[in-house]
Structure formats: structure tokens, C-alpha cells
Amino acid sequence: MASILLVDDDEGFVQATRTLLEMLGHDARSAASVAEANAILQADQFDIVLLDLMLPDGSGLHVLDALNGSRKQPGHIAIVTGHPTVKSLVKTVCGPNISYLIKPIDIEQIKALIEKTSPEQAEIDAPRHFNSLIGESPAMRELYQMIERVAQTRANVLLQGESGVGKELVARAIHAAGGSQGPFVAANCGALSRELIGSELFGHEKGAFTGAVSRKIGLFEQAKGGVLFLDEVTEMPIDMQPTLLRVLETNKVIRVGGAEEIPVDCRVVSATNRTQQQLAEDECLREDIYFRLAVFPIQIPPLRQRREDIPLLARRFLQELNEENGSAFGLGENNLKRLQDYDWPGNVRELRHAIHRAFIMTDPAQSELSLPDNLASPFARERQGSPGLQVGKTIEEMERELITLTLAQLDGDKRRAADMLGISLKTLYNRLNSYGENENTETPV
């Protein structure tokens with residue numbers, strides 16, 4: 001059942017439409033003016049608002065304006081007009097995300113509108129934030145807030161998160177949110193050979209080495225005015241990192257085989273799937289480089305920490321496949337529950353792969369997607385086993401690893417970590433003191 005507010009001063013039309021809506025099992029209310037509509041919308045939340053443009057005390061556009069930024073934003077708004085020619089004009093003013101109904105409204109128009117605003121369709125139609133990111137969970141809302149804040153600065157950003165969480169998409173979101181006119185240039189440091197990484201990043205002069213038959217402009221110069229994304233930055237050879245540090249400190253590059261310092265102007269967004277603990281222990285990144293790259297570190301949540309986004313993502317991936325192949329498979333509630341119950345160690349990348357694999361295997365005569373009995377891939381099972389039970393590990397070692405990983409995931413917030421682990425804050429402090437990692441902090445009583 002949908003809750004619907006009908007804003008119109010035509011009593012006959014209102015009465016007939018309310019009767020029709022209630023006959024279909026929906027809860028309908030009405031308002032005859034801008035003032036009355038605004039008062040109702042401030043007090044109550046509605047799934048749908050049917051809005052007439054011409055009202056006694058103003059325009060329906062005033063109601064739309066009052067709704068902007070409101071916490072009680074309706075799920076969907078439909079403009080009601082008696083003139084079909086007005087539709088294109090209103091669409092120009094209001095945008096494409098508003099529906100249009102032509103008077104007199106019949107039962108088919110109502111059914112089509114309700115179907116369009118169903119929860120499943122709402123998930124499919126959910127926006128791509130910054131033109132790239134999908135998700136409405138609290139974890140993603142927090143991520144969007146960090147993106148918006150850092151995008152207004154020139155600070156370098158280090159993205160941390162497990163494989164498959166979408167670090168390049170977040171980097172592109174930062175680029176889009178910043179509104180820079182320069183390009184987005186991506187480089188995978190793990191895929192560049194030790195011999196060529198300097199040439200790729202900083203460029204080279206003709207004759208700098210065998211095969212350098214012409215001058216090459218490096219990625220730092222190519223990203224002028226934009227964003228240079230350094231994926232897997234911790235795979236960069238240690239002996240190359242001082243050169244990168246100098247570029248970050250001076251905003252100038254010297255091409256391989258050259259002598260001239262060339263100014264560069266770009267934000268560097270780097271990414272790694274290593275944890276804070278691994279960065280410290282593996283000695284894969286110099287400390288001075290870390291502080292230059294991680295002026296603003298962002299931890300991207302794994303999919304298992306935002307399970308409420310799984311139906312939205314799965315339906316979006318399936319919709320894309322349906323559109324590409326002219327099919328119309330759906331996702332049933334049982335399938336969605338299975339998707340949400342699985343931990344997805346490969347994160348969003350693994351979810352997309354699972355939907356694609358199921359799409360290929362589903363009988364074209366079926367209307368619903370058939371998921372495999374086992375969702376996990378061999379690689380996923382290997383990753384699931386790696387941080388958990390291992391032969392030779394003591395209980396104390398496993399407990400310490402669990403506490404350390406939890407604190408790293410929560411940026412050191414001990415109170416939240418204690419809650420997540422199901423222990424008291426005092427117990428957590430006692431454990432940390434026993435590890436020698438909490439020496440300067442008094443244990444709470």
C-alpha cells in the first residue's frame with residue numbers, strides 16, 4: 001500500500017481520484033493549496049505526491065521548491081495537468097525525474113505510476129553518486145560526505161580497502177566532485193615494470209635509453225589540472241619512491257634522461273588493498289611517502305559492512321545485463337536473501353561476477369534469475385580462509401589479530417571496536433596493555 005498526497009483545488013477531480021486510489025488499496029489524502037500542502041508535507045512522509053501546477057495561492061512549483069532539502073522528501077512526485085502540451089515545458093523546468101499525469105486520470109495511469117515507484121524499481125533507479133558510486137547505506141553516506149569535503153581541496157588522498165571494493169570508482173568520484181577541468185589519468189603501479197615505471201610516471205627524453213626514439217610525456221604531465229590515480233601504489237619499487245617524494249614535494253618532474261624541471265599541477269589519489277598494519281610491517285611504502293600521499297586517507301567499506309546495498313547493486317547489475325541482451329529476468333526475495341547472507345570476500349567485483357555468471361546459466365524461458373548452489377569462487381574461499389583459522393596459530397594470536405584488524409577498520413575508535421567485538425571497553429584496554437600497544441592510555445574503570 002502506498003501513501004499518496006493529492007494536491008489540487010478541483011474538488012470533483014480530487015474526490016474521484018481519491019476514490020480510485022482507495023479502491024486500489026492505497027492511503028490517499030488531499031490538499032487544496034500550496035500552504036496546506038506544505039503544512040502536511042512538513043508533518044508527514046508520503047510515497048507519492050500528485051501535484052497540480054495551478055493552485056489558488058501559488059504554483060505547484062512552490063511546493064517542489066519547499067521540498068528541496070526536506071527530510072520528509074516523498075519517494076516520487078508526479079505533476080498533474082489537463083494540458084498535454086505543458087508536459088515538455090514542465091519537464092524542462094523540473095527535470096526528468098518527475099512523472100506527468102494527464103487529466104482525467106484513469107486506473108491504468110495510476111497502476112503504471114505505482115509500479116514505477118515500487119521499492120524494486122526505486123532500487124534500480126537509485127542514483128549513481130558522483131556519476132559512479134551506488135549505495136544508500138550509512139557507510140556509503142559517510143563515504144560520500146568525505147568525498148565531498150576533500151574534493152573542495154587540493155589534498156592528496158590515499159584510498160584503502162579490500163580488493164574489489166571500487167577504489168578507482170571512488171577516485172573518479174573525487175575527480176567529478178572537485179569539478180576540475182583537467183583529465184582523470186590512471187596508472188596501475190603493480191602492472192608497470194621496474195625498468196619502465198619512471199618513464200611512465202615522469203616521462204623521458206629522446207635517446208634516454210635504448211628504444212627511446214622520441215620524447216614521452218609522463219602521466220604527471222598528462223594529468224595537468226586533473227587527477228592522477230596511482231593504483232596499487234605500495235607495489236612501486238622502494239628505490240623509485242624517493243623520486244616520487246621529490247615530485248610530490250616540489251610539484252616538478254624531471255624526465256628520464258633530461259635535466260629541466262617541469263612544473264606539474266595535479267591532485268594525486270593513490271590506492272592500496274593493504275591494511276594500516278600491513279603498511280607498517282611490510283615496509284612496502286616509505287613513511288615520508290605515506291604522509292605525502294595520505295594527507296586525507298579514506299577507508300572504503302567492504303560489501304559485508306553494507307549489506308543493505310546488496311539488493312540495489314544486484315538489481316542494477318541485472319538490469320544492465322537485461323538491457324544489453326534484450327531479456328527481462330528478475331531477482332526473487334529468496335535470491336536476494338542468499339545474496340545478503342553471503343560475505344562477498346571479493347566485494348562488489350565478486351557480486352557483479354556472480355550475477356553475470358547466473359545470468360549466463362539461467363534458462364531463457366524462466367522469468368527469474370537462477371543463482372548457483374554455491375556462490376563462492378575458489379579464490380573467494382582462499383581469501384576467506386587466510387585471515388582466520390590457520391594451522392599453528394594460537395588462540396591468543398588469533399584474538400590479537402582480530403582486535404588489531406577491528407581497530408584498523410574503525411580508525412582506532414576503541415569504544416566502537418569494543419561494541420563490535422562484544423566485550424567491555426575495560427577488557428579491550430586490558431588486552432591492548434597486554435600487547436604493549438596501549439601504554440600511554442589509562443585503563444577505564
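**View 1. How many strands form the open sheet, and in what order?** This is a predicted model, and here we zoom in on its open sheet, built from five strands in the order 9-10-13-8-14. The pairing is parallel. At the edges sit strand 9 and strand 14 (296-299), each with a pairing partner on one side only. Going from neighbour to neighbour, the strands are turned by 20° on average, if you ignore direction.

**View 2. Here's a look at strand 8 beside strand 14, with a helix packed on the sheet.** Strand 8 (residues 157-160) pairs with strand 14 in the parallel sense, over four bridges. Look for Gln160: its bridge partner in strand 14 is Gln299. Helix 8 (residues 167-178) packs on the sheet and touches strand 8, strand 9, strand 10, strand 13 (267-272) and strand 14. The direction of helix 8 makes about 150° with that of strand 8.

**View 3. Now for the largest nonpolar core, with its 31 residues.** Leu201, Phe220, Leu228 and Leu230 touch the most other members. Several elements chip in at least two residues each, including strand 9 (184-188), helix 9 (197-202), helix 10 (219-222) and strand 10 (227-231). Helix 11 gives the largest share, four residues. A second core lies apart from this one; it has 25 residues, among them Ala314, Tyr342, Leu351 and Leu369.

**View 4. Finally, meet Phe220 and the residues it touches.** Leaving out residues up to four places away in sequence, Phe220 touches Leu201, Phe202, Leu228, Leu244, Val247, Val253, Val264, Cys266 and Val268. In soluble globular proteins, nonpolar side chains tend to be buried together.

Note on methods. Residues numbered from 1 in each chain as written. Predicted model: local features only at pLDDT ≥ 70, side-chain atom pairs only at ≥ 80, totals over all residues. Heavy atoms only, no water. Core = buried A, V, L, I, M, F, W, Y, C linked by side-chain atoms within 4.5 Å. Buried < 20%, exposed > 50% of the residue type's maximum accessible area, 1.4 Å probe, protein only. Contact = heavy atoms within 4.5 Å. Pairing = 2+ DSSP bridges. Axes fitted to C-alpha atoms, helices over the stretch in contact; angles between N-to-C directions.
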